[in-house]
There are 2 protein chains.
Amino acid sequence: MLERKPRPTIREENEKALLEAAERVFAKHGFAGATTAAIARNAGMPKANLHYYFATKEGLYRAVIERVLNAWLNAASSFDASEDACEALSAYICAKMDLARAMPLASRIWSAEIMRGAPIIQDFLDTTLSQWVAKREAAVRRWIAAGKLKPIEPKVLFYMIWATTQQYANAAHEIATLNGGEPLDDAAFERAKRQVVATILGGVAA
Amino acid sequence: MLERKPRPTIREENEKALLEAAERVFAKHGFAGATTAAIARNAGMPKANLHYYFATKEGLYRAVIERVLNAWLNAASSFDASEDACEALSAYICAKMDLARAMPLASRIWSAEIMRGAPIIQDFLDTTLSQWVAKREAAVRRWIAAGKLKPIEPKVLFYMIWATTQQYANAAHEIATLNGGEPLDDAAFERAKRQVVATILGGVAA
DNA sequence: ACGTCATTTGACCATCTGGTCAAACCTATA
DNA sequence: TATAGGTTTGACCAGATGGTCAAATGACGT
């Protein structure tokens, strides 16, 4: 009867540990620089065990990317939180800032993948992301037509939002260095978030 | 008499070819993913020849980074082009946009190095960059005090400028995908540049 | 207790990589 | 043309890496 057994707690736990370890190692060393031995050690198991759960390094990488993708889509949905231009943009920028802070490793892996030319996630760019952009582009154009926003190429706005928010994950080390060697604390980060929102909205609100 | 011979054209030519090839390969595959064999092939010479000019892969990488650093410093100097806040910021943003377009490989290598935690250029962050930021931070605060700019943490502004401009190099592939598969042509890029300048200035000008 | 299936692991392998080396090959100057 | 110093290159090496395998161990329903 091929019942879906609610069984596999061991498998679930090990796969989760491996995915988390992989996220750490891929984020720090990149795809090529990460070794399966390092990932396995980081997850507290011998290398052969890693290959029992994930046949190939690329397969593991794909699995990590999928988690990242879901986080991205989740944050992206906050764009639709409101019909009001400023509210929608604020919510979206805040969501992306929070994502960068909560999941810096995922953000870095994502950026590295994009920088490599998206060899793994090209189809996501071609399908889901293209559709997401097309739909929100239309919303932005409507807001412009309604006089809510200054006339701007919507994509330019998206790229600015993506880049600026991800900067707080990608360049966390540089930012820490310029912050006296310490990462931004919560207060400083919240201040930065407010100022990013204010600056971008100030730049595009009509 | 130890005269400086105007001789070494062979050495100069080969080192240049290697540095350019290394820039391409490092930009595409990252430090770990780049192989000295691939770089040498890309420069049109056998691997042993590469190691004759650059003893180690890391030494070659350092040399590439140094070129990138000079480009960065060169663009950074345009911040001081004017005493006027808007003029200075415009000039700086334009210079960084042009840099991203003219040297996308260098930009990507730079970002990758920052994302890795700047293992090679940490001392640059600690010294030159810190000083650069401190000085321009003071300029921004003066402009704010003079009522030229809205009150903003200067670093937040710098991070936004750095991230947004570099986006056009780092995410060139993603941008091309969302542009129908074609990279931005000169006209589209100039339009984007103007809108980036206008949006950031609109966001911070008082 | 038994049998079956999932899990664990050390040993192993082919391949790749950064780097070495010595011999061969210029090129120019005395 | 002899000689010296820069340059080129194929062959080579030690170590690392992704991945395999078979044997051992554990979990669990019957």
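This report describes a predicted model of two chains, A and B.

## Chain fold

Chain A is helical in its secondary structure: 10 helices and zero strands. Read from start to end, the pattern is α-α-α-α-α-α-α-α-α-α. The C-alpha trace of chain A spans about 60 × 55 × 30 Å along its principal axes.

Chain A has 206 residues, and 50% of them count as buried. Its contacts often join distant parts of the sequence. Among contacts in chain A with a separation of 6 or more, 67% are between residues 24 or more positions apart.

## How the two copies are related

Two copies of a chain are related by a rotation about an axis and a shift along it. Here the turn is 180° and the shift along the axis is 0.0 Å. With that operation, chain A can be laid on chain B with an RMSD of 0.1 Å. The two copies are therefore related as by a two-fold rotation axis.

Which C-alpha of chain A is nearest the axis? That of Gly203(A), 2.0 Å from the axis. Both copies use the same surface: 100% of the contact residues of chain A recur in chain B.

## Nonpolar core

The largest nonpolar core holds 139 residues. Four of its residues touch the most other members: Trp162(A), Tyr168(A), Trp162(B) and Tyr168(B).

Tyr168(A) has contacts in both chains. Setting aside neighbours within four places in sequence, its partners in chain A are Met97(A), Ile175(A), Leu184(A), Phe189(A), Ala192(A) and Val196(A). From chain B, Tyr168(A) meets Val156(B) and Tyr159(B).

## A buried threonine that touches chain B

Thr177(A) sits in helix α9 of chain A, which runs over residues 172-177. Is this residue buried or exposed? Its relative accessibility is 13%, and buried means under 20%, so Thr177(A) counts as buried.

Its contacts reach into the other copy. Not counting residues up to four places away in sequence, Thr177(A) touches Gln122(B), Leu125(B) and Asp126(B).

## Largest pocket

The largest pocket has a volume of about 630 Å³. It is lined by 32 residues. Closest to its centre are His29(A), Gly30(A), Ala112(A), Gly30(B) and Ala112(B). Helices α1 (9-33) and α6 (104-115) of chain A each give two or more residues to this lining, as do α1 (9-33) and α6 (104-115) of chain B. By type, the lining of the largest pocket divides into 18 nonpolar, six polar and eight charged residues.

Gly30(A) belongs to helix α1 of chain A. How accessible is Gly30(A)? Its relative accessibility is 22%, so Gly30(A) counts as partly exposed. Gly30(A) and Arg108(A) are 78 residues apart in sequence, and their C-alpha atoms are 9.2 Å apart in space.

## Cavities

How many cavities of 30 Å³ or more does the structure hold? There are three. The largest cavity contains about 430 Å³ of space. Its lining has 26 residues. Nearest its centre lie Ala163(A), Gln167(A), Asn170(A), Gln167(B) and Asn170(B).

Both chains contribute to the lining of the largest cavity. The elements giving two or more residues are α6 and α8 (154-170) of chain A and α6 and α8 (154-170) of chain B. This lining divides into 14 nonpolar, eight polar and four charged residues.

## Positive phi at Ala118

Most residues other than glycine have a negative phi. Ala118(A) has a positive phi, near 55°. It lies in the loop between α6 and α7 (122-145) of chain A. Ala118(A) has a relative accessible area of 0%, so it is buried.

Chain B has its own case. Phi of Ala118(B) is near 55°, again a positive value in a residue other than glycine. Ala118(B) is in the loop between α6 and α7 (122-145) of chain B. With a relative accessible area of 1%, Ala118(B) is buried.

Note on methods
Residues are numbered from 1 along each chain as its sequence is written. Chains are lettered from A and ligands numbered from 1 in the order in which they are written. This is a predicted model: local features need pLDDT of at least 70, side-chain atom pairs count only at pLDDT 80 or more; totals for chains, interfaces and linings use all residues. Side-chain values use heavy atoms; hydrogens and water are left out. On a 1 Å grid over the protein atoms alone, a cavity is a set of points where a 1.4 Å probe fits but cannot get out, and a pocket is an open set with protein on both sides within 12 Å along at least five of seven lines; lining residues have an atom within 4 Å of a point. Grid points are joined across faces, edges and corners, and a volume is the space filled by probe spheres set on the points. Helices (H or I, at least four residues) and strands (E, at least two) are DSSP runs, numbered from the N terminus. Ala, Val, Leu, Ile, Met, Phe, Trp, Tyr, Cys and Pro count as nonpolar, Asp, Glu, Lys and Arg as charged, and the others, Gly among them, as polar. Copies are superposed by least squares on the C-alpha atoms of residues with pLDDT of at least 70 in both. Contact means heavy atoms within 4.5 Å. A nonpolar core is a set of buried Ala, Val, Leu, Ile, Met, Phe, Trp, Tyr and Cys residues joined through side-chain atoms within 4.5 Å. Buried means under 20% relative accessible area, exposed over 50%, partly exposed in between (1.4 Å probe, protein chains only).
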